[in-house]
Amino acid sequence: MTKILGTSLQAADQVALLRTLGLLLQIGLTTFAADTFGLSLQMEPLIHVLVLEILFLSLTLALRKPLFAKESGLFIALSLDTLFWISWLHFSGGATNAFISLLLLPIALAAVTLPIWAPWVLTAMSTLAYSLMIFTVPESPMQHHGMDMSSHYLGMWFNFVISALVMTTSVALITKRMRRQDAQLAFMREGQLRQEQLLALGTASAQMAHQLATPLSTLRLLLDEVKEESGDASALVQEMETALGRCEHTLAELRLATESIRDRRQRPLLFGELIDGLKQKTLLLMPQTEIQWLMTCTAEKLAERSILTDMSLTPAIMALIENAARASTETLGSAQVDISVDIAPREDQIYLQIRDYGAGIAPALLPQLGTLLIESPKGLGIALLLSHASLNRLGAELILANHPQGGTVAQIRFSVLGPQSLSTDEASV
């Protein structure tokens, strides 16, 4: 519809314009062109039909935005338009009316704007009405200057049926395909914008990491001098050294992850090794967090299954665990996190679930978290955005949901590598 009438009008306005033009055509033919086109007018019922149609059209034009926002509202309006067209044709000559093909107008609108079932319903209504009109035509109109016009009118009816079927099938299918393509293009545009956003974040992170290297080296030298001058390692100095060591460790991992992503170094990893690495990381970097590991499958099964990974996988999972610990601390006053591991029934996926005991996520934000930067008092959701991108690049899927008993669950679904792909990847490594 937008391509037909121009991009300056909205869909509801375009449909309203075409319906208005249809009514004006009826009024013009009834008032000025009846004799020209040989219309057999029954004026009294025609006036009633046109008055009712004007009132109905005025009402739907005033309410077009809320009415046409739903498919049911637009379908009801087009169905009544079809009934008005049938009534106008019936009282202006019926099947002998030269403008009988205007019954195709509501069908065309439905084929372009509504699901495929809608034009079929309108086609059935119009065909039934046309059939009744052609089989109830009096004998006199069938004779014109001594010629039998019945075959001509029957041909018009057959042509109308063919045209309606072609419009219902081809136009509706083409429109459906165009909608699917538009949806795909919109999805690709969103993906491109998200990639550009991630690229900007990655560029800024790399620049800041490069700028942090020198201050961290300076802090390490100053801390060593303080330790030499004090002579004993006080608790404050040890805490400073722990924090500085964590910064240095994170910066080193960031450099390795950057090189790994740049060179596309992906390798298979036994899931059991991933869990062991996560346990060590949480003990080293999050000693105050109470983590409960729930294994619903045996260690032997985990040791036999591998997933695709690179240097960005562990930081992505750690970011989710840190978010969960922070959410639990804000609600309970202590960092409590439950991490469970399960294998899908078909054993082609492994589920890693991270549950917190926080306040949960607003339902309106759930579809956007991980795909957009969300402005909130707690931040912009950058950690979730980066974790989602890292997992998606490795073929994993991140799903966020509220837990029935409170808190949030972040489920990561890993695809298990087959034995053949595993041996191939190991040989290449």
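The following conversation goes through some side-chain pairs and nonpolar cores of a predicted model.

Modeller: In this predicted model, local features need pLDDT of at least 70 and side-chain atom pairs count only at pLDDT 80 or more, whereas totals for chains, interfaces and linings use all residues. Residues are numbered from 1 along each chain as its sequence is written, and side-chain values use heavy atoms, with hydrogens and water left out.

Biologist: Why is the aromatic pair of F75 and W117 called edge-to-face?

Modeller: Rings of Phe, Tyr and Trp (its six-membered ring) pair if their centres lie within 6.5 Å, and planes under 30 degrees apart count as stacked, over 60 as edge-to-face and the rest as tilted. The centres of F75 and W117 are 4.9 Å apart with 65 degrees between the planes, so the pair is edge-to-face.

Biologist: What makes this pair a tie between parts of the chain?

Modeller: F75 lies in helix 5 (residues 71-90) and W117 in helix 7 (residues 117-135), so the pair ties together parts 42 residues apart in sequence; helices here are DSSP runs (H or I, at least four residues), numbered from the N terminus.

Biologist: Why does F75 count as buried or exposed?

Modeller: Buried means under 20% relative accessible area, exposed over 50%, and partly exposed in between, with a 1.4 Å probe and protein chains only. F75 has 15% relative accessibility and therefore counts as buried, whereas W117, at 42%, counts as partly exposed.

Biologist: How do you know that R19 forms a salt bridge with D81?

Modeller: A salt bridge is a side-chain nitrogen of Lys or Arg within 4 Å of a carboxyl oxygen of Asp or Glu. The closest N and O atoms of R19 and D81 are 2.4 Å apart, so the pair meets that definition. R19 lies in helix 2 (residues 11-31) and D81 in helix 5, so the salt bridge ties together parts 62 residues apart in sequence. Both R19 and D81 are buried, and a search of the whole structure finds 1 salt bridge.

Biologist: What makes a set of residues a nonpolar core?

Modeller: A nonpolar core is a set of buried Ala, Val, Leu, Ile, Met, Phe, Trp, Tyr and Cys residues joined through side-chain atoms within 4.5 Å. The largest one has 42 residues, and those with the most contacts inside it are L78, W88, L103 and L114. Helix 5 gives the largest share of this core, 9 residues. Apart from it lies another core, of 34 residues, among them L302, L320, L400 and A410.

Conventions
Helix = DSSP H or I, 4+ residues; strand = E, 2+ residues; numbered from the N terminus.
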